[in-house]
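Trainee: I'm new to this structure and would love a close look at a single part of it. Could you walk me through the place where the two parts of the protein come together?

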Amino acid sequence: MKKQRRIQIILIITLSLSGFSSQLSAQAPAPVGPVPSERQVEWYHREIMAFFHFGMNTFCDMVNEGDGRAGTYLFNPTALDCNQWMKVLKSGGIPCGIIVAKHADGFCNWPSDYSDYSVKNSPWKNGKGDVVREYLDACKAAGIKAGIYVGPHDRHERLSPLYNTKDYSIHYASQLSELMRNYGTVWETWWDGAGADELTTPLYTRWADTVRTLQPKCVIFGTKNSYRFADCRWVGNESGFSGDPCWSTIDSLSIKEESDHITELNQGQVNGNAYIPAEVDVSIRPSWFYHKEEDGHTKTVKELWDIYCNSVGRNSVLLLNLAPDRRGLIPSDDSTNVAGLHSMITNSFKSNFAKGAKITALHTRGRNYNPSNLVDGNENTYFATKDKFKSDTITFKLDSRKVFDCLMLQEVIQLGHRTTGWSVDYSNNGKTWTPISEASNKQSIGYKWIVRFAPISASYVRLRITDGKACIALHSFGIYKQAKL
Ligand code: OTN
């Protein structure tokens, strides 16, 4: 044996005896199934986004789906202040907001070169105003990520007999380009499926190209014929809840008739071939646009908390609609409740009672993947099992008896959906265990999963991962006491 080779062999033996081999076998788990893009990871971290429905419908009595015939003379906000909108987002801890630049009635909140049906022919600021500009400038000043909704369906343009789908494709692409080119970074755009049935995939192919070229960071909310370009999907309702389970994956190309796929949209598909997670759009008021008649019907903090837990707490992003009034301001009831929701979230999740617990697992991958990573609040660490273990039991011996009524888990989404079955039990002696029924036989985890239940007093908690597609990779586990409503 040559001397060099002998040295090599001695080195390998020494390193394995010193534990180096356990580090080698402790390489990060390989991803499984479809995984999120960088855009989707950024989108998940927003957790809550705001929607701003403001436009011609705001100035028409109880109209939410204008027919495109309302006169431009009607649009005249008396005190529009997008900086006030930003204050509402800040007090709500909301990092991103999407403004409706053009709803299906076709009225443009910006002075488009491609339409006369816009602010430029309204009395507001003598036709010199631009709501989209004011909004994007306010977002920039406040450090809020701006998104732009530009409805693909346009009833005003359709009033023209000369309008056919081919011309409309060019028209919409031109307006989309104006918005994507002239206003700074756009973080999300929305292709509403309402009324858009006849818009075909070739149209979206062209429009997606415009978005991807001009705004590479822009998330596309897609529906119906635009799913193949979508970064996120509709959740199948406008009431604010995701399914249980709710997978980020879905068979995108199988989505044809929307009404036949509401359950798939709501729950996703565990073995879906595309990563298109759910975005939950819901309005803080009964309608999408402001109507005086609905004052007093703003959703309460309790209702918003339920919505949060059933959307963000079910592996989805919440898109909460706010409706500026005819002044151009968010009404005070609405801003108060947005701030109330934020307090509810921060106060409920400020103390993780599993922190400080003695934590054990049966199949830890190695020292970089210890179960203590589950409670360290560090985004860059996680618990993982060895490759061959798709299930494990992680036991938390709490530092004292605790009362809790809520739990939260997070998976490492960059590694794909791994866990497909899990349950949580509690104990007061570490020997006899009682299942938490609301947290039994659960399936998906994903970015975040929250479960609420009646208060439990316990000194041990046990997380059982019972099934998976690959070894476990979990960011966090916590038990909490919900704040008072
Ligand atoms: O009457 N509607 O058009 C309607 C009523 C209730 C719930 C949804 C809709 S339309 C639906 O809107 C979604 C966004 O909220 C998506 O864009 C869907 O594709 C669209 O069909």
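Mentor: Happy to, and what follows goes from the two domains to their contact, and then to a few features elsewhere.

Keep in mind from the start that this is a predicted model. The protein is divided into domain 1, residues 38–348, and domain 2, residues 358–480. Their C-alpha centres lie 35 Å apart. Where they touch, domain 1 brings 24 residues and domain 2 brings 18 residues.

How much area do the two bury between them? The size of an interface is often given as the accessible area lost when the parts come together. Here domain 1 and domain 2 bury about 1800 Å² between them, and 56% of that area is on carbon and sulfur atoms. On the domain 1 side, three residues stand out: His-45, Trp-247 and Asn-315 supply 26% of the area that domain 1 buries against domain 2, more than any other three residues.

Now for the polar side of the contact. Between domain 1 and domain 2 there are 12 residue pairs in polar contact, with both residues at pLDDT 80 or more. Which elements of domain 1 supply at least two residues each to the side that touches domain 2? Helix H3 (38–46) and helix H10 (301–311) each do so. H10 gives the largest share of that side, with 5 residues. Sorted by class, the side of domain 1 that touches domain 2 has 11 nonpolar, 9 polar and 4 charged residues.

The count of salt bridges between the two domains is 3, while a search of the whole structure finds 26. Two salt bridges are worth finding on your screen. In one, the side chains of Arg-452 and Asp-306 meet at 2.9 Å, N to O. In another, the side chains of Glu-47 and Lys-448 meet at 3.0 Å, N to O. This second pair links distant parts of the chain, with its residues 401 apart. Glu-47 sits in the loop between H3 and strand S1 (48–52), and Lys-448 sits in the loop between strand S15 (434–435) and strand S16 (449–468).

Stay with Glu-47 for a moment, since its backbone deserves a look too. Most residues other than glycine have a negative phi, and most peptide bonds are trans. The phi of Glu-47, however, is near 60°, a positive value in a residue other than glycine. The peptide bond from Asp-244 to Pro-245 is cis, with omega near 10°. You will find Pro-245 in the loop between strand S6 (232–234) and strand S7 (249–250).

Finally, a word on the ligand. The residues around the ligand include Trp-190, Asp-192, Lys-224, Trp-234, Glu-238 and Asp-281. An oxygen atom of the ligand is 2.5 Å from an N or O atom in the side chain of Glu-238. A polar side-chain atom of Trp-234 lies 3.3 Å from a ligand oxygen atom, and a polar side-chain atom of Lys-224 lies 3.5 Å from an oxygen atom of the ligand.

Key:
Residues numbered from 1 in each chain as written. Predicted model: local features only at pLDDT ≥ 70, side-chain atom pairs only at ≥ 80, totals over all residues. Heavy atoms only, no water. Domains from an automatic or database assignment. Contact = heavy atoms within 4.5 Å. Buried area = accessible area lost by both parts, 1.4 Å probe. Salt bridge = Lys/Arg side-chain N within 4 Å of Asp/Glu carboxyl O. Polar contact = N/O pair within 3.5 Å; in protein donor to acceptor, adjacent residues only side chain to side chain. Helix = DSSP H or I, 4+ residues; strand = E, 2+ residues; numbered from the N terminus. Nonpolar A, V, L, I, M, F, W, Y, C, P; charged D, E, K, R; others polar. Near = heavy atom within 4 Å.
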